Amino acid sequence: MKTKFLKPEFVEFMPSSLEDGVVYVSMEYGTVIHSCCCGCGNKVVTPLSPTDWKLIYDGENISLTPSVGNWSFPCQSHYWIKSGKIEWSEKFSKEQIDEVRRKDKHFKATHFKQNVTQKLESKTADIQYAETKANLVMVILRKLSSFFQ
Ligand SMILES: [Zn+2]
């Protein structure tokens with residue numbers, strides 16, 4: 001039976017058996033888990049991260065973006081969770097699924113590269129700062145040594 005509504009339950013650890021119609025949210029682990037809304041019973045894990053899913057909690061219900069596409073399950077169900085309501089989306093063709101996966105991979109790769117570049121840039125700035133400080137010390141030392149001559 002298809003689920004029409006998901007009620008959030010905030011937990012620290014995920015329960016071993018998932019109740020239909022409940023979406024389990026663990027802020028500690030940045031993970032959201034629910035039982036596939038088509039009723040197939042597969043566990044759907046949607047990690048929260050800048051390159052994965054985003055969670056909106058309005059105080060009563062949750063929304064997840066982007067949509068949930070269970071391409072690896074036999075059911076291949078695809079739906080949105082909007083304020084707890086399940087909005088069914090069209091089934092994707094193999095080409096569409098490949099396209100989504102390709103874009104996701106590209107997005108993750110560029111996001112990761114950006115992070116690495118930012119870290120490298122701040123490292124370079126640190127080194128430059130250290131060099132300036134070292135130069136300053138040298139100047140002071142030279143001044144001091146000329147003073148004592
Ligand atoms: Zn399913």
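Which residue is the bridge partner of K7 in β2? I started there and found V22. One caution before going on: I am working on a predicted model.

**Entry 1: the sheet with β1 and β2**

I followed that bridge outward. β1 and strand β2, residues 22-26, pair in the parallel sense, and I get four bridges for them. They belong to an open sheet of four strands, with the order β1-β2-β3-β4 and mixed pairing. I looked up the edges next: they are β1 (7-10) and β4 (43-47), each pairing on one side only. From one strand to the next, the twist averages 25°.

**Entry 2: V11, after β1**

I went on to V11, which sits in the loop between β1 and β2. Is V11 buried or exposed? Neither label fits: V11 counts as partly exposed because it has 16 C-beta neighbours inside 10 Å, while a buried residue needs 20 or more and an exposed one has 12 or fewer. Leaving aside neighbours within four places in sequence, I find V11 in contact with Y24 and S26. I also checked V11 against Y29, which is 18 residues away along the chain; their C-alpha atoms are separated by 9.8 Å.

**Entry 3: the core**

Which residues touch the most other members of the largest nonpolar core? My lookup gives V23 and I81, in a core of 15 residues. I then asked for the strands behind this core, and β2, β6 (62-69) and β7 (78-82) each supply at least two residues. A general remark for the margin: in soluble globular proteins, nonpolar side chains tend to be buried together.

I listed the contacts of V23 as well, again skipping neighbours within four places in sequence. They are L6, P8, V32, H34 and I62.

**Entry 4: β5 to β8, strand by strand**

I took these pairings in order.

- Strand β5, residues 54-57, runs antiparallel to β6, and the two share four bridges. Here L55 stands opposite L64 in β6.
- The connection of β5 and β6 is a hairpin with four residues between the strands, and G59 in the turn has a positive phi of about 100°.
- β6 and β7 are also paired in the antiparallel sense, over three bridges. I noted two facing pairs: G69 stands opposite H78 in β7, and V68 stands opposite Y79 in β7.
- For β7 and β8 I get antiparallel pairing over four bridges. Y79 turns up again here, opposite W88 in β8.

So far as Y79 goes, I now have a partner for it in β6, V68, and a partner in β8, W88.

**Entry 5: backbone oddities**

I keep this background in mind: most residues other than glycine have a negative phi, and most peptide bonds are trans. I went looking for exceptions.

Which residues does a cis peptide bond join? T65 and P66, with omega about -5°. P66 lies in strand β6.

Q76 came next. Its phi is near 50°, a positive value in a residue other than glycine. I placed Q76 in the loop between β6 and β7. With 15 C-beta neighbours inside 10 Å, Q76 counts as partly exposed.

S83 is another entry on this list: not a glycine, yet its phi is positive at about 45°. Where is S83? In the loop between β7 and β8 (85-88). The hairpin of β7 and β8 has two residues between the strands, and S83 takes its positive phi there. S83 is partly exposed because 14 other C-beta atoms lie within 10 Å.

**Entry 6: stepping back to the domains**

Last, I pulled the domain assignment. It gives domain 1 as 7-91 and domain 2 as 93-149. How far apart are the C-alpha centres of domain 1 and domain 2? They lie 37 Å apart. I looked up the contacts across: four residues of domain 1 are in contact with five residues of domain 2. On the side of domain 1 that touches domain 2, the classes come out as two nonpolar, two polar and no charged residues.

Notes. Residues numbered from 1 in each chain as written. Predicted model: local features only at pLDDT ≥ 70, side-chain atom pairs only at ≥ 80, totals over all residues. Domains from an automatic or database assignment. Contact = placed C-beta atoms within 7 Å. Nonpolar A, V, L, I, M, F, W, Y, C, P; charged D, E, K, R; others polar. Pairing = 2+ DSSP bridges. Axes fitted to C-alpha atoms, helices over the stretch in contact; angles between N-to-C directions. Core = buried A, V, L, I, M, F, W, Y, C linked by C-beta atoms within 7 Å.
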